There are 4 protein chains.
Amino acid sequence: MITAGIIGATGYTGFELFRLLVKHSKVELAWATSETYCGKLFSDVYPHLKGINDMILKALPEIQQDQVDVVFCCLPHRTAMSVVPSFLEKQTKVVDLSADFRMGTADSYSRWYEVEHSCPRLLGQAVYGLPELNRDLISKASLVANPGCYPTSVILPLAPFLEKDLIEETDIIIDSKSGVSGAGRKLSLRAHFVEINENIVPYDIGRLHRHTGEIEEQLSNLANRQCRVLFSPHIVPMERGILSTIYVKLKEDISQEQALGIITNRYNDEPFIRVLADRLPETRFVQGTNRCDIAVSKVDGTNRLVVISAIDNLLKGASGQAVQDMNLMFGFKETEGLQ
Amino acid sequence: MITAGIIGATGYTGFELFRLLVKHSKVELAWATSETYCGKLFSDVYPHLKGINDMILKALPEIQQDQVDVVFCCLPHRTAMSVVPSFLEKQTKVVDLSADFRMGTADSYSRWYEVEHSCPRLLGQAVYGLPELNRDLISKASLVANPGCYPTSVILPLAPFLEKDLIEETDIIIDSKSGVSGAGRKLSLRAHFVEINENIVPYDIGRLHRHTGEIEEQLSNLANRQCRVLFSPHIVPMERGILSTIYVKLKEDISQEQALGIITNRYNDEPFIRVLADRLPETRFVQGTNRCDIAVSKVDGTNRLVVISAIDNLLKGASGQAVQDMNLMFGFKETEGLQ
Amino acid sequence: MITAGIIGATGYTGFELFRLLVKHSKVELAWATSETYCGKLFSDVYPHLKGINDMILKALPEIQQDQVDVVFCCLPHRTAMSVVPSFLEKQTKVVDLSADFRMGTADSYSRWYEVEHSCPRLLGQAVYGLPELNRDLISKASLVANPGCYPTSVILPLAPFLEKDLIEETDIIIDSKSGVSGAGRKLSLRAHFVEINENIVPYDIGRLHRHTGEIEEQLSNLANRQCRVLFSPHIVPMERGILSTIYVKLKEDISQEQALGIITNRYNDEPFIRVLADRLPETRFVQGTNRCDIAVSKVDGTNRLVVISAIDNLLKGASGQAVQDMNLMFGFKETEGLQ
Amino acid sequence: MITAGIIGATGYTGFELFRLLVKHSKVELAWATSETYCGKLFSDVYPHLKGINDMILKALPEIQQDQVDVVFCCLPHRTAMSVVPSFLEKQTKVVDLSADFRMGTADSYSRWYEVEHSCPRLLGQAVYGLPELNRDLISKASLVANPGCYPTSVILPLAPFLEKDLIEETDIIIDSKSGVSGAGRKLSLRAHFVEINENIVPYDIGRLHRHTGEIEEQLSNLANRQCRVLFSPHIVPMERGILSTIYVKLKEDISQEQALGIITNRYNDEPFIRVLADRLPETRFVQGTNRCDIAVSKVDGTNRLVVISAIDNLLKGASGQAVQDMNLMFGFKETEGLQ
């Protein structure tokens with residue numbers, strides 16, 4: 001049994017994490033903080049919990065002395081990096097759900113996030129928390145940078161092909177469709193029902209979205225050479241789920257069966273990856289799960305391969321993966337609390 | 001004032017056409033047929049109309065003698081071609097909303113629709129009803145093949161670039177997202193609220209969807225050489241609207257401004273094309289209109305151009321365009337009844 | 001041809017009014033104001049309009065000198081009453097869409113809106129803008145108080161029965177279901193897609209909602225005695241539309257046919273009321289229209305009558321009705337611009 | 001550890017039951033049948049399960065010999081009664097999710113379901129499976145009639161007041177709003193996304209819906225006198241959830257606090273009832289749970305009480321309650337597999 005805390009617990013990822021941790025058989029949730037709602041009950045913010053779990057939300061300063069084994073940091077980008085170091089100093093392990101520790105260098109961080117990184121030395125120490133790629137490193141890590149939702153939906157389906165040097169690394173086109181919860185819980189007219197209902201909203205088309213940098217860095221590590229992607233995110237009128245349709249060019253001709261075999265073999269033993277052979281992923285099939293569904297479609301008479309993935313953006317794309325990382329960091333069964 | 005009839009009027013496109021025609025100042029709607037509901041009131045099928053328009057739905061044989069100036073045929077693919085010729089013989093003009101007269105040759109038709117075409121001689125006579133490309137031909141046509149919804153959303157934004165030979169014609173990737181009404185009104189579990197709500201459904205990925213043939217044929221005509229596309233349609237949980245995100249490769253380097261200029265100049269005088277310079281298309285912006293919104297995004301440091309379009313699939317993607325075609329065929333103002 | 005202005009034009013009702021007025025054959029829209037967006041184009045706020053109508057939004061002080069024939073005031077409750085009088089003084093007619101001039105007395109206003117009314121003398125002068133009840137008064141009015149959306153959906157179906165003294169005036173139970181747009185466009189977590197999707201939200205159950213006062217005052221006028229209602233509004237996950245299910249007790253036994261006859265006779269000549277005899281109202285049937293659909297259901301073996309109505313909350317419940325009022329005030333055809 | 005079977009497993013309630021039973025620590029699911037899909041994998045019907053649980057669906061005759069401890073019957077009304085007796089004869093306990101064993105007498109059954117009951121002797125033996133009312137009887141039952149979704153949402157909130165003879169038993173008005181999944185998975189145009197999106201559909205208003213009979217019978221048992229209700233169901237555009245707003249008349253004046261106290265005391269120890277004191281139920285708060293949330297609102301200055309409840313129609317309204325019943329029938333912890 002370990003003790004855990006959640007910083008910034010009242011956003012959608014914080015709430016999802018809360019639900020996972022209170023049911024987790026190896027974890028006792030010691031506290032949860034909120035800047036906006038501190039002093040109130042968690043169940044005032046999420047009435048689902050009323051009478052079921054009425055934990056009082058703390059302010060961050062209140063819990064600084066309160067030693068726990070692991071902290072999940074759900075603060076926004078640029079804020080997390082000012083909070084995480086003090087916990088590491090006290091030997092508390094940290095899973096950070098922001099982007100602050102995902103980039104390999106302070107330079108790439110400042111390029112995409114437009115501020116200086118305040119503790120660049122930790123960037124080398126942080127492990128990118130995608131268990132299917134970095135299982136061993138995560139197991140030994142003190143600081144895990146939980147991957148972004150879009151990057152998770154892209155890196156997992158492409159990894160098997162990049163590792164085998166099968167696809168052109170500079171001609172990768174990613175068309176992602178996401179539910180509205182990905183934008184978080186802060187007030188925004190764009191998140192209003194009347195604005196997003198009956199609408200599809202493309203944004204940051206090309207190389208503008210910050211996740212581009214994260215995706216390219218991880219793909220480049222896998223390919224051992226510089227990858228470049230064209231990443232086009234879209235919001236669709238649903239609550240949760242990401243479907244990524246990825247268009248790549250094969251370096252050598254392989255068949256549909258071979259493509260499927262490569263991805264199947266790579267993820268054969270993975271508890272949270274499902275390769276679909278006879279149908280395509282849909283977000284409903286993964287809703288409420290920590291799973292990534294993947295399918296491939298070789299386009300006849302061309303060297304094009306279409307790779308399609310679906311995840312629940314709040315689980316495998318955020319809080320579920322964070323728990324999976326924690327399970328590895330503490331030697332628990334990897335699927336504990338996630339099924 | 002002309003008289004018009006609608007064959008197969010109780011599907012979503014038929015109903016939309018009905019609404020447009022009863023408000024059209026130059027058209028008197030003489031009859032509407034339905035195989036399923038003949039003998040009933042149109043307003044029994046669409047209670048919106050009850051007491052407002054209680055036209056009785058006819059059976060097709062009933063109206064054969066009843067001469068009108070124009071017939072809109074909303075029958076399914078493969079059925080339309082057995083009905084259209086008899087109207088043409090009586091000098092009735094026809095706008096056919098099925099795919100039966102969209103392909104240039106009987107061979108290409110049978111390749112994509114898997115049956116022999118029953119009146120191949122009409123294929124040469126039919127005009128592809130995209131006014132922005134074929135305005136003059138449509139004006140003189142007796143038989144107009146109204147374009148498919150997806151093809152409309154693809155051909156319009158690509159035409160300016162293909163006409164100028166600016167893009168690689170064999171490396172065109174189309175990622176389209178459509179609302180549910182595109183599948184029509186026939187009973188289908190996939191169209192049930194519970195199945196499509198909170199879901200994104202990719203289908204016919206690659207070169208499997210029939211609209212691929214229609215798109216390639218039209219693009220090839222524009223480019224004067226064989227075009228090949230990779231077309232990936234997706235259903236998203238909304239009622240109407242198509243957003244197409246199209247990835248092309250430039251043959252020569254042009255800037256964002258140049259790309260925008262090309263498309264703006266091409267469509268400068270078009271009443272139903274809107275080029276967006278400082279934002280991206282969204283389906284809400286065109287809902288209920290006969291408009292196609294278009295934007296381009298040149299990807300910095302690459303030869304990639306992303307072209308994005310949005311239409312209302314039931315209007316510019318079907319019935320609105322059919323009325324626009326009719327306006328041309330009868331010398332009415334092109335925008336009559338469409339604003 | 002008259003000239004018109006809209007104050008507070010960028011909310012949902014303002015935008016709907018804008019769309020109606022720019023298409024209205026007898027009206028020239030002279031200006032539209034917005035506190036938040038003044039100086040910007042209307043089409044920056046609603047990109048649907050970009051390139052189609054790029055009117056610049058004014059600040060309220062800018063237009064004070066600019067004489068128009070009619071002003072539509074879409075300001076919030078409590079703000080409208082400070083703006084309306086100055087227009088009336090200049091002989092400009094006013095349709096006020098707030099609640100500020102709906103109540104008969106300053107006392108009842110301050111009871112429900114919890115502030116003193118700043119110009120109580122205008123309350124006697126303002127006409128409650130429900131054309132089906134007050135057509136003649138509206139025709140002669142300088143100041144029309146446009147009814148609330150819920151009250152419109154309640155008063156219209158009950159009027160025929162109250163006028164004939166057929167129902168118990170103190171046992172009226174109103175269960176209303178509204179789409180999200182009724183809450184307006186101001187930022188609100190409750191209006192976020194993720195909060196209202198897959199949710200039904202009852203609120204202000206009993207006698208708490210402000211529309212209770214408006215409903216009771218109007219029903220009492222109709223009945224010539226004090227009416228009391230129990231009003232329960234609910235938000236459901238859709239954009240627009242109100243369905244009100246109203247439970248009343250009959251003073252004398254009448255049959256289903258008689259009940260239907262009463263309501264049919266009362267509204268026989270009304271262009272915007274549709275009485276349904278063989279099916280129940282649904283909000284889709286009135287979406288995008290200025291119509292109120294009504295049905296009645298006598299409950300066998302009881303003295304209970306259920307009266308059901310459906311309106312589009314932004315049209316018959318707000319902006320459509322405001323235009324209907326304007327048509328009356330200026331002697332235009334009542335349906336002008338509304339079909 | 002017991003063994004269980006599901007008859008008619010591929011509808012929405014069957015699937016939900018399947019998900020609950022495969023995770024239940026005391027149950028081994030032996031088989032599941034489907035008339036439509038027998039011979040196929042369950043995961044062909046619900047691809048969510050693919051590779052996770054690929055149980056083959058059986059035909060009903062195949063499993064007749066296969067002895068299990070409990071059978072859940074998810075067949076439609078009128079069909080279940082022809083299947084259930086044979087299992088009871090083999091000492092298999094049955095939880096029937098249809099309406100076939102919910103009514104007390106063959107007369108009332110045939111009045112509401114318009115067919116003769118084929119084994120009336122079982123009606124006396126069947127226990128109405130609402131644990132909060134019939135816990136002891138359920139514990140000893142061989143045949144449990146699982147309550148309807150609407151009745152569950154009505155009986156639970158009214159029981160405390162009827163048991164204390166506090167409300168007029170012939171003036172009970174129930175206005176229920178349900179998500180679309182309540183209509184089941186059979187093909188239906190009314191269940192299509194395009195038909196129910198942006199719509200509210202009232203139906204069977206008054207005393208027409210079959211659940212009226214079930215509700216009245218159970219309420220009458222509680223009140224020890226004949227109750228009559230006016231029940232008005234509505235479909236709203238969401239997937240799951242029922243919110244019932246119930247209007248009753250108090251026989252004696254009690255305060256808000258007293259009303260709240262009565263309901264709180266009655267359900268104090270109930271694991272699946274939550275009484276809300278300071279907010280109203282919303283369907284999101286109970287989604288995915290087996291809980292019924294209840295609130296009351298005394299209307300000032302009247303003898304009216306509004307009682308509001310929310311359930312997940314597929315859990316507390318169907319399959320969750322069925323598992324709760326099974327837990328009681330086999331002496332398991334009542335909440336086993338339901339949290």
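Here is a short chat between a biologist and a modeller about the structure above.

Modeller: Quick heads-up: this is a predicted model, where local features need pLDDT of at least 70, side-chain atom pairs count only at pLDDT 80 or more, and totals for chains, interfaces and linings use all residues. Residues are numbered from 1 along each chain as its sequence is written, chains are lettered from A and ligands numbered from 1 in the order in which they are written, and side-chain values use heavy atoms, with hydrogens and water left out.

Biologist: Which strands stand at the edges of the open sheet in chain B?

Modeller: Strands here are DSSP runs of E, at least two residues, and helices are runs of H or I, at least four residues, both numbered from the N terminus. Two strands pair if DSSP finds at least two bridges between them. Seven strands of chain B line up as 8-9-7-10-13-12-11, with mixed pairing. Each edge strand has a single partner, so one side of it lacks a neighbour in the sheet, and that goes for strand 8 (201–202) and strand 11 (273–275) of chain B.

Biologist: What is the bridge partner of B:Val296 in strand 13 of chain B?

Modeller: Strand 12 (residues 292–298) and strand 13 (residues 304–311) of chain B run antiparallel, joined by six bridges. In strand 13 of chain B, the partner of B:Val296 is B:Val307.

Biologist: How many disulfides does a search of the whole structure find?

Modeller: A disulfide is a covalent bond between the sulfur atoms of two cysteines. The cut-off used is a pair of cysteine sulfur atoms within 2.5 Å. For C:Cys38, the closest cysteine sulfur, in C:Cys73, is 16 Å away, too far for a bond. Over all chains, the number found is zero.

Biologist: Is A:Cys73 buried or exposed?

Modeller: Buried means under 20% relative accessible area, exposed over 50%, and partly exposed in between (1.4 Å probe, protein chains only). C:Cys38, at 36%, counts as partly exposed. A:Cys73 has 1% relative accessibility, so it counts as buried.

Biologist: Which three residues supply 20% of the area that chain A buries against chain B?

Modeller: Contact means heavy atoms within 4.5 Å, and this one takes 45 residues from chain A and 44 residues from chain B. Buried area is the accessible area (1.4 Å probe) that two parts lose on being put together, summed over both. Chain A and chain B bury about 3500 Å², 58% of it on carbon and sulfur atoms. Supplying more of chain A's share than any other three residues are A:Glu198, A:Ile200 and A:Arg284.
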